[in-house]
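Student: Could you take me through the ligand site and what surrounds it? I'd like a close look at just that part.

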Amino acid sequence: MTPPPPAATMDKPKNKAASSTSKRKAGSTVEAKRAKTKKTPKGKTPRAATEDRHILYQNAVQAVDTEIDFVDDTFKELRGRRASIIREDFCGTANTSCEFIRRRPTNRAIGVDLDKPTLDWGLEHNAGKLKPAARKRLTLLQENVLTVNTEPVDCVLAMNFSYFIFTERAVMRQYFESVRASLAPGGIFFLDCFGGYDAFRELTEPRDIEEGNYTYIWDQHSYDPITGKATCKIHFKFPDGSKMKDAFIYHWRLWTLPEIREILTEAGFKRVTVYWEGTEEDTGEGDGNFEPADEGTADPGWICYITAEP
Ligand SMILES: C[S@@+](CC[C@H](N)C(=O)[O-])C[C@H]1O[C@@H](n2cnc3c(N)ncnc32)[C@H](O)[C@@H]1O
């Protein structure tokens, strides 16, 4: 199965939380020079005070269309049929679940997240956009993914590296075991992962977001090589000079791919496949094509998908 062909018009995975392009070539600098921003005129409300961080996040970080393309097509490729029910773990605003529901009138989705205000926001702004009949096919649970009990599903999704929140190996294994137990016969676990030698650096990476005219800043704020723990932050900056600092903060462990593959196998998954992104000849950056791979490339920054099958 080849993910949708990259074309200038076709958005490569716009982004994931963790880098401006899905793959960065060696030597590319990340600290781009920013144009001098103007000061907020007296009496004018700074944009940072009025913007909605979830809208800014969804717009700058998520590419739910290409993500569901990948999940839907890969499931079909591996199972010869379409998935009909998914569980989106760490769903946040359930944007990905709503995208899956829109794909077919029989599709159902279960979103699981601990944070009620975020779920409520998703209910109003994302589920709220679904037609009433489609809305009935979405279930949102304010629960812990470690202990949630749901009906058997075709796919469990853990995207935007949210599972990095589990910093202990035993807890990560417990999570993977609970996911495996939640899958219906023929079910598949989909995760993403990021890495590359730049992932372990403390750096900030600004990226201009045309749609909405603001700057998304990915801040690898701290990294401890002894524990592998990292604090990553998302900030937003506006042309009026105002800044929404610490809009999102993540206390993660930077797991490596070999570790994740090993723990998935220890948790009982029989087949673990890494989908590595191809490289555009001319730019050396990611081409949006994710193919099964046994070998990766030592890029400064990369993102990949993983499938785990019981
Ligand atoms: C990075 S956000 C992910 C949002 C969304 N999945 C995405 O792809 O952009 C991480 C989410 O995980 C939730 N979360 C963290 N630990 C959790 C747990 N143990 N069980 C359920 N949700 C959890 C947080 O509330 C937060 O909304």
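**The ligand and its surroundings**

Tutor: The chain has an average pLDDT (the predictor's confidence in each residue, from 0 to 100) of 90, and 87% of the residues score at least 70. This is a predicted model, where local features need pLDDT of at least 70, side-chain atom pairs count only at pLDDT 80 or more, and totals for chains, interfaces and linings use all residues. Residues are numbered from 1 along each chain as its sequence is written, and side-chain values use heavy atoms, leaving out hydrogens and water.

Now the ligand. There are 18 residues around the ligand (a heavy atom within 4 Å of it), and Tyr57, Phe90, Asp113, Asn144 and Asn160 come nearest. That shell splits into nine nonpolar, five polar and four charged residues; Ala, Val, Leu, Ile, Met, Phe, Trp, Tyr, Cys and Pro count as nonpolar, Asp, Glu, Lys and Arg as charged, and the others, Gly among them, as polar.

Next, some polar contacts (pairs of N or O atoms within 3.5 Å). Phe90 uses its backbone: an N or O atom there lies 2.6 Å from a nitrogen atom of the ligand. Asn144 uses its side chain, with an N or O atom 3.0 Å from a nitrogen atom of the ligand. In Gln62, a side-chain N or O atom is 3.0 Å from an oxygen atom of the ligand. Taken alone, the ligand exposes 600 Å² (Shrake-Rupley method, 1.4 Å probe), and the protein buries 87% of that.

Definitions and conventions:
A polar contact is a pair of N or O atoms within 3.5 Å; within protein, one must be able to donate a hydrogen and the other to accept it, and residues adjacent in sequence count only if both atoms are side-chain atoms.
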